[in-house]
Structure formats: structure tokens, C-alpha cells
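Colleague: I'd like to learn how to read a model like this one. Could you walk me through it, feature by feature?

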Amino acid sequence: MDVTAPRQDQDHAMLSNDPARTIREEAARLEPRLIALRRDIHRHPELAFEEHRTAGIVAAELSRIGIPHRTGVGGTGVLGVIEGARPGPTLALRADMDALPIEEETGLDFASTVPGKMHACGHDIHTATLLGAAEVLAGLRAHLAGRIVLIFQPAEEVLEGAPAMIADGAAEGIDMAIGFHNHPDKPVGSFGYVRGPSLAASDRFDLHLRGRSGHAAHPYAAVDPIVGAAHLITQLQTVVSREQKPLHPCVVTVGMMNAGTTYNIIPERAHLRGTVRTLHAEARDVAEAAIRRLVEHTAAAMRLEARLDYQRKIGPLVNDDRVLEPALASLRAHFGEVVQEGQPSMGAEDFAAFAERAPAFHLGIGAGAPGRNDRLHNADYQPDERCIGLGVQALSRIALDLLR
């Protein structure tokens, strides 16, 4: 772990009677540099807990700005601190840094140079955006009452980076937290929010079934784990349709089944993998209990041995009105009526781990390019880079208003 002392930089000692104007002007000044940084990170994607180069860029930028920081937090995370001029609460601003195991197909001149890896979720954009907000807010220290903790997080895609950073002290002393994500399904220049539970808890299971192998011509002499697995796959859907309250969303997906080697052999074993997604704590408990019961009794009925490994990965991401409402007021004051309420998603986001420790809000930033219909986790994903400068303005204005 490394601690880097700040270096004073007079260029960022901004004092203004109109900080909102300063935010706009600084974001415009920084935008070309931030886009260049984003493209450099995009060319060199790094998967979960491999973000050494990206973390090095973040640390170098924080040093240039004059922000004290700590590296190696939670593995490859970086933690920076901006101290305001007056006492006040501590606000965390968080960006994720990891890429995905996807072969890029954009054809861009700054496309990934690493085979099989790509920033297909925009975490390169998030990293550049938070670096820009850090520079703007460092120049507005005199207007801040409190402190800002800058969290550059690894391993969001595997839902392990936030817990790892928190275990390393990243959430200590935080009074409120802001996360954000680009949305290519929303036009650039727009912003989105969801009240209450906005993203789902994500749990996963591995189910190992063991029967008795035999010849396909003599199934009575064997115990078939494939038939048992098939029964269980259909039974698991009743967790959603017959055990959950209709107003409590739940998704149970079996994403992998592995059994057998050829046409005429009943195998000894079958292996299933799946995920369970819920928005409410009660639904999460109901789903786990029901899956455990169905596995136990269906396996017994089919004469199979069963071993279930059920892991609770990350809880639902709940937006807290104590942060959401002032953040929305800041956005409207700064941009006008460009903020739209959205619907919860059954996707997951490990920023939820920070939201469990302090009131939090996860902001959606429109990134849809005109004429395109992009999707996250897609090999041809091409967000509109103007979302970086707009995101810098949004985060800076929200932070400024929360810490006045």
C-alpha cells in the first residue's frame, strides 16, 4: 500500500463568487484531456483486480492535481481525499475501473489492444469522469464544508470490489455516498434516477447432483442426474411464480448445465449454475429458503445426492431520499429539466455495499449517441463521450451543494 502526499498546484486554487459557472468552465476546459484519458484506458482494459495500469493513471492524475491518496485499497483500488475549508460531513464519490472479457468489435482507432478484453460497460468513462470532478472540486475547496472521499474501485463486474475496499477501510467515516453509471439507452445530456430499490440483490448458486451412471439402453439400472436436473430447472421457476409476492420482483436463472459425455451413457453427475435476483430483503430470504427446500426434496424424490453451494453476493441498491432529493435539486438548478425518473432494474451493482453503510444515491448519466442504439456489455458498445464533461458537472454541482 502506498500513500502519496499532495503537491500544491496554483492552477487549481480557484476562488469564485459563482462556483456553478466555475464548474461549467472547468468542465469544458478539462473535457479534451478527460476524453484522451478515457481513450487511453479504453485501449488497455483490465479485468477485475487486474487494474494496476488504470490505478497508476488515477494515482498520477491525483498527484498532479494535488490530492492526497492511497493506492492498493481492496487490492487495486485508489482512495483520494479533498478537505474542504470548513468542518462538515464526509461525502464519497465512487467510480468503477474494471473491464469485461469481451472481444471488441467497434473498429475505433482507440479500440482495445488486449485480445478478449474490452471496456464494454463504460468504466473507462466513469474513471475519467471522477478524475474530472476531482480536479474541479479540488479547486473549489474554499466553498466546501466537509470532505470528499474519491473512491476508484476495482472489480465491480464480479461484485467483489466494493466489499474488498470496504474491508480495507474505504467506507470509514462516510456520511453519504454518490455513485453513477452511464446509460447508452438514454440520450446524452439527460440524467436519470430511481426511488428506493433501484438495482437488485444478486446471489448465485452451484448445484452438484450425483446419481449412478449406466447404459442408455438400461435406465432402470442407473440413477439419471440429467432427468433430476431437468425437473429442478422447471421447479425453480415456481420460486418466482408461486412463492413470491406478485409485487416483489424475483428472477431465478439457470445459466449453465454440464452433464454427460456422449449419446448412450447416463452420466454419474450433473452440475448447474445460476443466479437469483431480488429487490426486497423478504424476497431474497424467500428465494433462498425455497431453492434449498426444492433441491433437497426433488433430489430425494429422484434418488440423487445433492450438494448446493448458495452464495449471497451483493444486496439491493437502495437510493435514499436524504441524498436523492438534494441531488435532484442540484441537477435541475444546474441543467434545467433534464432529469427523468426511471424504473428499477434486475441488474446488480456492488455500490450497494456502500449504500448499506451510508445514505446513498446512484445517478444515471445519459450516454446515448445520436443515431445509435447501444447496449451495455456489447462488443460494439460506443457511448457518446460528451457524457464525460456532463458527468463532471453533475458530480461537482451535487457535491458542492451537499457540502455548502
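Colleague: How do the residues of the lining of the largest cavity divide into nonpolar, polar and charged?

Modeller: Keep in mind that this is a predicted model. For that lining, the split is five nonpolar, three polar and no charged. The residues in question are Ile125, His126, Thr129, Phe180, Asn182, Ile365, Cys387 and Ile388.

Colleague: Which elements give two or more residues to that lining?

Modeller: They are α3 (123-138), β6 and α10 (386-402). The biggest share comes from α3, with three residues. The cavity itself has a volume of about 40 Å³.

Colleague: How many cavities of 30 Å³ or more turn up in a search of the whole structure?

Modeller: Two. The second largest holds about 30 Å³ of space, and its walls come from Ala171, Ile174, Ala177, Phe354, Arg357 and Ala358. That lining has five nonpolar residues, no polar ones and one charged.

Colleague: Now the open spaces. What is the volume of the largest pocket?

Modeller: About 1000 Å³. It is lined by 46 residues, and those closest to its centre are His183, Leu199, Ser345, Gly347 and Leu376. Strands supply a good deal to look at here: β6 (176-187), β7 (191-193), β8 (196-199), β9 (201-210), β13 (269-278), β16 (339-341) and β17 (360-368) each give two or more residues to the lining. By type, the pocket lining has 17 nonpolar, 18 polar and 11 charged residues.

Colleague: Let's turn to helices. What span should the 14 residues of α2 have, and how far apart are its end C-alpha atoms?

Modeller: The general idea is to count 1.5 Å a residue, so α2 (residues 52-65) should span 20 Å. Its end C-alpha atoms are 20 Å apart, which agrees.

Colleague: And which residues in α2 are buried?

Modeller: Start with the geometry: an α-helix has 3.6 residues a turn, so residues three or four places apart point the same way. In α2, the buried ones are Thr54, Ala55, Ile57, Val58, Ala59, Glu61, Leu62, Ser63 and Ile65. Right after the helix comes Gly66, with a positive phi near 100°.

Colleague: What should I make of a positive phi outside glycine?

Modeller: Most residues other than glycine have a negative phi. Here, Ala155 has a positive phi near 55°, and Arg303 has one of about 65°.

Colleague: Where do Ala155 and Arg303 lie?

Modeller: In loops. Ala155 is found between β5 (145-153) and α4 (161-167), while Arg303 lies between α7 (281-301) and β14 (305-314).

Colleague: Is Ala155 buried or exposed? And is Arg303 buried or exposed?

Modeller: The cut-offs are under 20% relative accessible area for buried and over 50% for exposed. Ala155 has 0%, so it is buried. Arg303 reaches 56%, so it counts as exposed.

Colleague: Last, the whole chain. How many helices and strands are there?

Modeller: There are 10 helices and 17 strands. The radius of gyration is 24 Å, close to the 22 Å that the globule rule gives for 404 residues, so the chain is as compact as a globular protein of that length. Along the principal axes, the C-alpha atoms fill a box of roughly 85 × 45 × 45 Å.

Colleague: What percentage of the 404 residues is buried?

Modeller: Buried residues make up 54%. As for contacts with a separation of 6 or more, 82% of them are between residues 24 or more positions apart.

Technical notes: Residues are numbered from 1 along each chain as its sequence is written. This is a predicted model: local features need pLDDT of at least 70, side-chain atom pairs count only at pLDDT 80 or more; totals for chains, interfaces and linings use all residues. Side-chain values use heavy atoms; hydrogens and water are left out. On a 1 Å grid over the protein atoms alone, a cavity is a set of points where a 1.4 Å probe fits but cannot get out, and a pocket is an open set with protein on both sides within 12 Å along at least five of seven lines; lining residues have an atom within 4 Å of a point. Grid points are joined across faces, edges and corners, and a volume is the space filled by probe spheres set on the points. Helices (H or I, at least four residues) and strands (E, at least two) are DSSP runs, numbered from the N terminus. Ala, Val, Leu, Ile, Met, Phe, Trp, Tyr, Cys and Pro count as nonpolar, Asp, Glu, Lys and Arg as charged, and the others, Gly among them, as polar. The expected span of a helix is 1.5 Å times one less than its number of residues. Buried means under 20% relative accessible area, exposed over 50%, partly exposed in between (1.4 Å probe, protein chains only). The radius of gyration is taken over C-alpha atoms; the globule rule is 2.2 Å times the number of residues to the power 0.38. Contact means heavy atoms within 4.5 Å.
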